[in-house]
Amino acid sequence: MLSGLYLITDNNLDGKLLTKVEAALLGGTKTVQYRAKDIRPDERRDMAEKIKTLCHAYKAKLIINDLPELAHEIDADGVHLGQDDISIVRARQILSHKKLIGVSTHSVDEALKAEAHGADYIAIGSIFPTDSKQDISLVGIDTLSKVRKAVRIPVVAIGGLTPERAFDALSAGADAVAVLSGVMADADPARAAKEYSLLFNRNKPAPNGKVLTIAGSDSSGGAGIQADIKTITLLGSYASSVLTALTAQNTLGVNDTYMVHTDFVMKQLEAVLDDIEIDTVKTGMLSWGGIVSRVAKVIEDRSLLAVVDPVMVAKGGESLLDKEAHDSLISRLLPQSYLLTPNLPEVEVMTGIEPRTTAEMVDAGRTLQELGARNVLIKGGHLNGDATDILLLGDEEHQLTHQRFDTINTHGTGCTLSSAIATFLAQGYPLKRAVEKGKRFVSLAIETSIPTGRGHGPVNHIQAAMQLLHEQVSIENS
């Protein structure tokens with residue numbers, strides 16, 4: 001069964017093909033299609049052999065584009081043919097019956113014909129406009145859905161597939177999504193591939209997705225690692241944890257803090273990552289510079305998708321990080337963040353900009369991206385009026401507004417939001433949808449909060465999870 005992220009290689013103009021392919025495989029690519037017509041046959045074979053070695057090391061398939069002779073020569077896993085290439089019958093004569101043959105199609109009729117002639121899978125596209133090919137015909141999501149219903153073999157969606165569009169293609173029935181520039185042209189192919197690969201978690205049984213939280217403990221249970229584990233578990237994923245600090249606190253405030261030694265933090269982290277295949281990471285309170293730098297290095301070395309909640313300023317305004325930790329967060333951790341989720345006081349600390357309007361929030365967010373954050377969610381809860389957050393997805397800009405509730409029971413909202421986003425990402429939602437669902441979860445948790453203790457109480461995680469699940473079931477049944 002062919003499924004998962006299907007990577008199509010570029011023309012290697014920058015000479016980094018092998019490096020990018022290996023990064024994409026690290027990010028979860030399941031199939032690599034090697035395209036190379038315009039180079040010398042000996043160079044083409046040499047490169048194909050090297051890519052095959054990488055693919056097999058990562059238990060991925062190697063498909064050769066258009067050239068069954070080359071696929072046979074290097075014992076690749078199969079060949080992919082266009083409508084104008086040799087016939088499936090002839091390709092099967094060159095290859096063994098155990099090898100895969102895929103065919104590019106553009107309609108239901110072409111897909112049925114390819115299946116009838118013995119194709120093992122078909123590619124259908126272009127689903128959306130794409131920059132990689134100018135002379136394409138668009139088929140759209142509707143045709144993809146019709147093809148899925150018409151054929152019994154695996155269907156690969158191709159063409160213009162951003163993660164958001166790939167999610168739609170998978171919802172329409174695609175078994176795999178083929179991506180070229182979305183990974184190969186990205187400055188970070190491993191994380192780009194991971195972003196696509198996580199989309200295939202959508203139909204896995206509960207617990208769906210594995211989330212690691214690296215944060216401090218809140219003895220009152222409202223925030224920190226306790227809020228993270230509640231959120232991850234109640235939303236249906238598996239939670240593991242690395243403890244960075246202990247606090248003696250309640251709803252009235254923090255009485256004392258005990259920092260976990262950096263070496264023991266790293267022992268926890270390595271023990272989890274060496275055994276459990278983590279989908280996403282959420283970081284919270286990291287205490288001091290040594291922990292920040294070493295956690296950032298692990299995230300970098302393993303190309304993890306990290307939702308970074310930069311816990312820098314307490315509700316009362318006091319700093320939660322010393323200067324070394326502050327500097328390490330900006331110089332080391334921020335560039336490794338897949339999504340950075342600061343509130344306005346934290347934005348000011350990191351950028352020197354004190355946003356008072358949504359336009360200024362956008363400017364500050366762009367500054368954070370220039371400092372290295374891949375995507376940024378600036379939480380606007382400190383502004384007056386409805387709570388408006390700014391989400392910057394690469395070059396895209398989105399405003400997300402939710403009702404503000406008149407309650408003091410908001411302890412742990414930042415921890416809850418970032419861990420909810422990490423959870424929905426691990427479950428196969430693209431980032432914008434994960435953020436929207438995370439915000440909805442937090443809004444419900446605030447709205448249904450009940451007084452606990454004599455101070456700022458926690459949000460209601462369990463009621464929010466139950467209500468969100470009810471909403472989701474209602475949508476699916478409508």
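## Strand β1 and the burial of G4

A residue is called buried when its relative accessible area is under 20%. In this predicted model, G4 has a relative accessible area of 7%, so G4 is buried. This glycine sits in strand β1, which covers residues 4-8.

What does G4 touch, once its neighbours within four places in sequence are left aside? The contacts are K30, D175, A176, V177 and F200. A further pairing to look at is G4 with V156: their C-alpha atoms are 9.1 Å apart in space, while 152 residues separate them in sequence.

## A buried lysine in α2

Next, let us turn to helix α2, residues 41-57, where K52 is found. K52 is buried yet has no salt bridge. Which side chain of opposite charge is nearest to K52? That side chain is D75, at 4.3 Å. A salt bridge needs a side-chain nitrogen of Lys or Arg within 4 Å of a carboxyl oxygen of Asp or Glu, so the 4.3 Å separation of K52 and D75 falls outside the cut-off.

D75 does appear among the contacts of K52, together with L62 and I74, when neighbours within four places in sequence are set aside.

## A buried aspartate in α10

Helix α10 spans residues 224-234 and includes D228. Is D228 buried or exposed? D228 has 0% relative accessibility, and therefore counts as buried.

Leaving out neighbours within four places in sequence, D228 is in contact with T213, A215, K282, C415 and S419. One of these contacts, C415, can be classed as well: C415 counts as buried because its relative accessibility is 15%.

## Cysteines

How many disulfides does the structure hold? The number is zero. For C55, the relative accessibility is 0%, so C55 counts as buried.

## Helix α15 and its buried side

Helix α15 is made of 13 residues, 358-370. From its first C-alpha to its last, α15 reaches 18 Å, close to the 18 Å expected at 1.5 Å a residue. The buried residues in α15 are M361, V362, A364, G365, L368 and Q369. They cover an arc of only 165° around the axis, which means that they lie on the same side of α15. This pattern fits a general rule: an α-helix has 3.6 residues a turn, so residues three or four places apart point the same way.

What do the buried residues of α15 pack against? Their partners are helix α14 (344-351) and the strands β15 (339-340), β16 (375-378), β17 (387-393) and β18 (396-402). Just after α15, G372 takes a positive phi of about 130°.

## Salt bridges

The count of salt bridges comes to 25. One of them joins the side chains of D168 and R433, with 2.6 Å from N to O. This pair links distant parts of the chain, 265 residues apart: D168 lies in helix α7 (residues 163-171) and R433 in helix α17 (residues 431-447). D168 is partly exposed because its relative accessible area is 28%. R433 has 24% relative accessibility, so R433 also counts as partly exposed.

Another salt bridge is formed by R294 and D263, whose closest N and O atoms are 3.1 Å apart. Here too the pair links distant parts of the chain, with R294 in helix α12 (residues 289-301) and D263 in helix α11 (residues 262-273), 31 residues apart. R294 counts as partly exposed, at 36% relative accessibility, and D263 counts as partly exposed at 40%.

## A pair within α17, and a network

Where do K432 and E436 lie? Both are in helix α17, four residues apart, about one turn of the helix. Their side chains meet in a salt bridge of 2.5 Å, N to O. K432 has 21% relative accessibility and so counts as partly exposed; E436, at 31%, counts as partly exposed.

Finally, which residues are linked in a network of salt bridges? D10, D14 and K20 are linked in this way.

Definitions and conventions:
Residues are numbered from 1 along each chain as its sequence is written. This is a predicted model: local features need pLDDT of at least 70, side-chain atom pairs count only at pLDDT 80 or more; totals for chains, interfaces and linings use all residues. Side-chain values use heavy atoms; hydrogens and water are left out. Helices (H or I, at least four residues) and strands (E, at least two) are DSSP runs, numbered from the N terminus. Buried means under 20% relative accessible area, exposed over 50%, partly exposed in between (1.4 Å probe, protein chains only). Lys and Arg count as positive and Asp and Glu as negative; His and the chain ends are not counted. Contact means heavy atoms within 4.5 Å. A disulfide is a pair of cysteine sulfur atoms within 2.5 Å. The expected span of a helix is 1.5 Å times one less than its number of residues. The arc is that of the directions from the helix axis to the C-beta atoms.
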